[in-house]
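Trainee: Hey, got a minute to go through a structure with me? I'd like to learn how to read one.
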Amino acid sequence: MKLDTNMNTLISEIMSGTNPSVLVVAPDKYNKEDFVTELSSRYPNVFWFDALADDLKLFCSSLLKKVVADDSELVYKLEQLMFWASDHNYAHVVISAVLERIASMKGDVLMVFERLEHLSKDRFKDLVALIKLAPSNLKVVMSGCNLRDCDYSIFEPKFPIIVDEEVLAQQGDVKEFLSDISDSALRLLCYMKDYPVIPQKFATTLDVEMDGVLKYLSRKGGLVRHRDDNYYIHPLVKEYFEGEGAVYQEEHEVPYPKALADYYCDNSLFYRAIVIYDAIGDVEGLNRAVKNIFGEHKKMVKICDYFINHPVCKIDLASYKDYPYIGIYKAASYAYRYMPNEALKVLSEILPILREEDRLPYCMSKYFEMLSYYELNEESKIEEILTALIAECAGENDDYIIVAICLLPEFMKFARYSIAEVEKNLSQEGAEEKFWYVKVFEDVASAYFVNGSYAKALAISKRIKEYLPHYVIPTRYITLKYYSGDVEYANKLINTACDFAVDNKVATELHLIYTTKALIARYFGRFDEADAYFDKAYDALPPYIVINPNEKSYLGIKKDQNASTYYTIAQRVMHKANNGDFEYARGLAHAFLKQAHGDEQCSLAMHSALAYAYYKMGDKVRANKYATLAIRSSKTRSTLWLLAMGIATNCLLAKDEIKDVATIVSRILRSAENNGMLMVIVDNADEIYAPILEYARQNHIEQDYVAEIDRALDKKHSSNRPQSKLAISMFGDVSISVDGKEIQWKTRKSKELFLHYILAGELGIDRNIIIDFLWKNYLYESAINNLKTTNNIIRKTLSTHNIDFKLDYINSKYILKLEHVDSDYHAYKALRTRYQQETSLTRKIDIMNEILALYKSDFATDMNFEEFKDERKNIKQELIINLLRLVRQLAKQGDYMESKRFLSSLVIIDKHNDYSNMVAELDRYLNVTE
């Protein structure tokens, strides 16, 4: 294809620009295909997707099949995540893994998505997510004929480059395009017109010469394309054969759609066959295709994904007894769309037949039966079905039973196995090869969490993460890290989780993230920050709260989501009560208690929150009442249960109404220790748990754990102590100040040694190296004494200025650790690491701007020690190289203004090199642009 100058210019702009997406939108009569084909010819790596050929209703499956096909193990692990459509481990995780693969490829990558008018809104959102997270070497082209009604705001902040009919040529005449092929070939094309994707091998089976004809037409371009062993026929060809070309229509013994579906089925492409059989109403074919998708366990990962994301089975039969596999499809369609009675009616017909004929689909059908009863809130019926199923399958492959039960929204509730038994089975050799492996593992973690075994829940999640690094640990388990007392690690995890949730638009647990960040901020005494995060958490709550069992979310009742929602509300109530806003706290808790409708976990949360609010108001009678209700409504140990126990015990101790105080106190402390809930006591030790801890100390109850609580309290009080802010400026002449005032060091060497420690960081400095730096010409014993004296000066200076620090001597090395420090050198090192890892040019520009803002002058210009000189040289050289590469990359992509701006910085920093030629060249481009 030869493009005109304007089109070539447009393609060059697309390739050189930083915008990750291109939208080619125009009616079919315009030649979108030639434009996209020409663009693709310029890229070394191209992945093509067609909304019909690749079934983009299964968006993630299609991505994996094309982009990650060479890593079958990774594909299967990611498919295990897709198996049950987990809230926080589904499309965004798969998309991230795919983009990670693309970022690692050599050369630029183009992804083309065609016929997007056939893409659903939900899958279009997945495509937009892919574009927003695209690495710098990826360009995404979306092509369709009627995408004008698209909500373009979802592309913020970068809208696609639009290519429309104003720049596209019109398609040639179809009749002329087909004029030089035989009448027999035209009759075959007319026969195939209804399905725009023709497998190359299938064309050969229809007529030995047809493959050659289609290959010839594809070389002409425009209306026939050949890719991935398929021929793609333009819609205008069908339009021609339905109009002027209808003379080539002739009767065939087998209609083309059926012939194509039979071909797919015979070649194990069962899902493609199902789509066609269902569309044309071929009962025999559909029954056969559905039966075949149950062929082996590894194929099971796709079945539920298919049933969920495709419309209800179109074929309606008076009876499904002769076609039980269509019955499975029909029942699944009903069950996944909250039509449980319709599903049960179909299942009553087919279950007796499948029970005798085919165990795996039989057990899958039993799952749809139990799911229907779950939606009807008839849990006793589920238990009855499951008991009978276990008895039926006794001695057979346990996988059959697991098929039926592991998909249930509350698997462990109905499993009839203990958590330990299920965990043991998951640890057996070969368990990870089962399609349900990740799903059941996550359910085990959830069961531990519900039971209050927080440490075990987090440990299970870490095991899943080891198996599949792309797995995202649920936020509620990160919260456990906080309650276990590992506040610093929890802070690190929650910040990572927050970045991931914001980048990937994962809103389901954002309220939990902000609540945890609020708790951590409050722990460190940052109360204004905590207040802001509690507000953010409340604003991020789901738009609905599902308590009524007749109100459903898309894939079943998310009761665990309800629990996390009410937990967030309870934390807000307690925060407001803690700040003295009693009326608001009490009103909020009462309002949501009314909505809880007796749900165990939700009622527990609101009763505990009310108890806390009344306790803070000084009304211990009502506090005890609601704390007691919370304890009675809870069957498991949890943070809110422990809080209620503390409030009730505190109230009763004050009235001397507990007969066996020692037992109650021991129970509280053991529950906190065994379930990793240290911080519940620590955060409320000054008020609620004070008399309980005092009683434990006086009566020597759980002494080791009480000592651990006391250590945690000391650590918290230390963290809350107002700390001075140490500022270290190391670009230019070194400056060390506290709260804006320069530190006056007792000796010059104490300042120099302090700066050596800053330069060494966490690696520390060997004692002999320090001596070589500062006391090289001294006797060894004298040098050691000087070193100790200087270290004592550093300690005293930092303590005098109320700086939180630790100077350790470990394995012959001194290591200085500082808290609350603002260091431009540390900031530079963090930015340098981010810059090296970043793939997006836009983000590289932002990071380089931050680096240049720090680099006011050379590093530590008044320090003449060799290691400072070496670091000064290294920083400068690295900065010069990075700037030079950035200038060239920006110029290559046509962003000459930005390129010139960074070149100006480079000229100032690197005064020893002559950049006049580069400046002149950029100026010429800028003048042309103007």
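Mentor: Sure, and let's start with a term: a contact here means heavy atoms within 4.5 Å. Also keep in mind that this is a predicted model.

Trainee: Okay, so among contacts between residues at least 6 apart in sequence, what share joins residues at least 24 apart?
Mentor: That share is 69% in this protein.

Trainee: And how many helices and strands are there?
Mentor: The protein has 45 helices and 15 strands. Its C-alpha trace spans about 105 × 85 × 50 Å along the principal axes. Of the 930 residues, 55% are buried.

Trainee: Let's pick a strand. Is strand E3 enclosed or open to the outside?
Mentor: Strand E3 covers residues 109-114, and 6 of its 6 residues are buried, so the rest of the structure largely encloses it.

Trainee: Which residues sit on each side of E3?
Mentor: Val109, Met111 and Phe113 are on one side, with Leu110, Val112 and Glu114 on the other, and all of these are buried. As a general point, side chains in a regular strand alternate between the two faces of the sheet.

Trainee: What does E3 pair with?
Mentor: Strand E2 (residues 45-50) pairs with E3 in the parallel sense over 6 bridges. E3 also pairs with E4, again in the parallel sense, over 5 bridges. Follow Phe113 to see both pairings: Phe113 is the bridge partner of Phe49, and in E4 the bridge partner of Phe113 is Met142.

Trainee: What about the loop after E4? Is Pro157 buried or exposed?
Mentor: Pro157 lies in the loop between strand E4 (138-144) and strand E5 (161-163). Its relative accessibility is 73%, so it counts as exposed; the cut-off for that is over 50%. The C-alpha atoms of Pro157 and Thr37 are 28 Å apart, and these two residues are 120 residues apart along the chain.

Trainee: New topic: the sheet with E6 in it. In what order do its strands run?
Mentor: The order is E6-E8-E7, in an open sheet of 3 strands with antiparallel pairing. Strand E6 (197-199) and strand E7 (224-227) are at the edges with a single partner strand each, so one side of each has no neighbour in the sheet. From one strand to the next, the twist averages 25 degrees.

Trainee: Which helix packs on that sheet?
Mentor: Helix H10 (residues 210-220) does, touching E6, E7 and E8. The direction of H10 makes about 105 degrees with that of E7. As for the strands themselves, 4 bridges join E7 to strand E8 (residues 230-233), and Val224 has Ile233 in E8 as its bridge partner.

Trainee: And the sheet with E9?
Mentor: That one is an open sheet of 4 strands in the order E11-E10-E9-E15, with mixed pairing. Strand E11 (741-742) and strand E15 (821-823) are its edge strands, each pairing on one side only. Strand E9 (residues 726-729) and E15 pair in the parallel sense over 3 bridges, with Ser823 in E15 as the bridge partner of Ile728. Helix H41 (residues 824-837) packs on this sheet and touches E9 and E15.

Trainee: Now helices. How do H14 and H16 pack?
Mentor: Helix H14 (residues 283-292) and helix H16 (residues 324-336) pack at about 75 degrees, with their axes 7 Å apart. That makes H14 roughly perpendicular to H16. Residues that meet there include Leu286 and Val290 in H14, and Ile326 and Tyr329 in H16.

Trainee: Does H33 have the span you'd expect, or what span does it have?
Mentor: Helix H33 (residues 639-655) has 17 residues, which should span 24 Å at 1.5 Å a residue; the end C-alpha atoms are 25 Å apart, so the two agree. In H33, 13 of the 17 residues are buried. Just after H33, Asp656 has a positive phi of about 55 degrees.

Trainee: Last one: how many disulfides are there?
Mentor: A search of the whole structure finds 0. As for single cysteines, Cys60 counts as buried at 3% relative accessibility, and Cys651 is buried with a relative accessible area of 3%.

Key
Residues are numbered from 1 along each chain as its sequence is written. This is a predicted model: local features need pLDDT of at least 70, side-chain atom pairs count only at pLDDT 80 or more; totals for chains, interfaces and linings use all residues. Side-chain values use heavy atoms; hydrogens and water are left out. Two strands pair if DSSP finds at least two bridges between them. Helices (H or I, at least four residues) and strands (E, at least two) are DSSP runs, numbered from the N terminus. Axes are lines fitted to C-alpha atoms, for helices over the stretch in contact, and angles run from 0 to 180 degrees between N-to-C directions. A disulfide is a pair of cysteine sulfur atoms within 2.5 Å. Buried means under 20% relative accessible area, exposed over 50%, partly exposed in between (1.4 Å probe, protein chains only). The expected span of a helix is 1.5 Å times one less than its number of residues. Angles under 35 degrees count as roughly parallel, over 145 as roughly antiparallel, 65 to 115 as roughly perpendicular and the rest as oblique.
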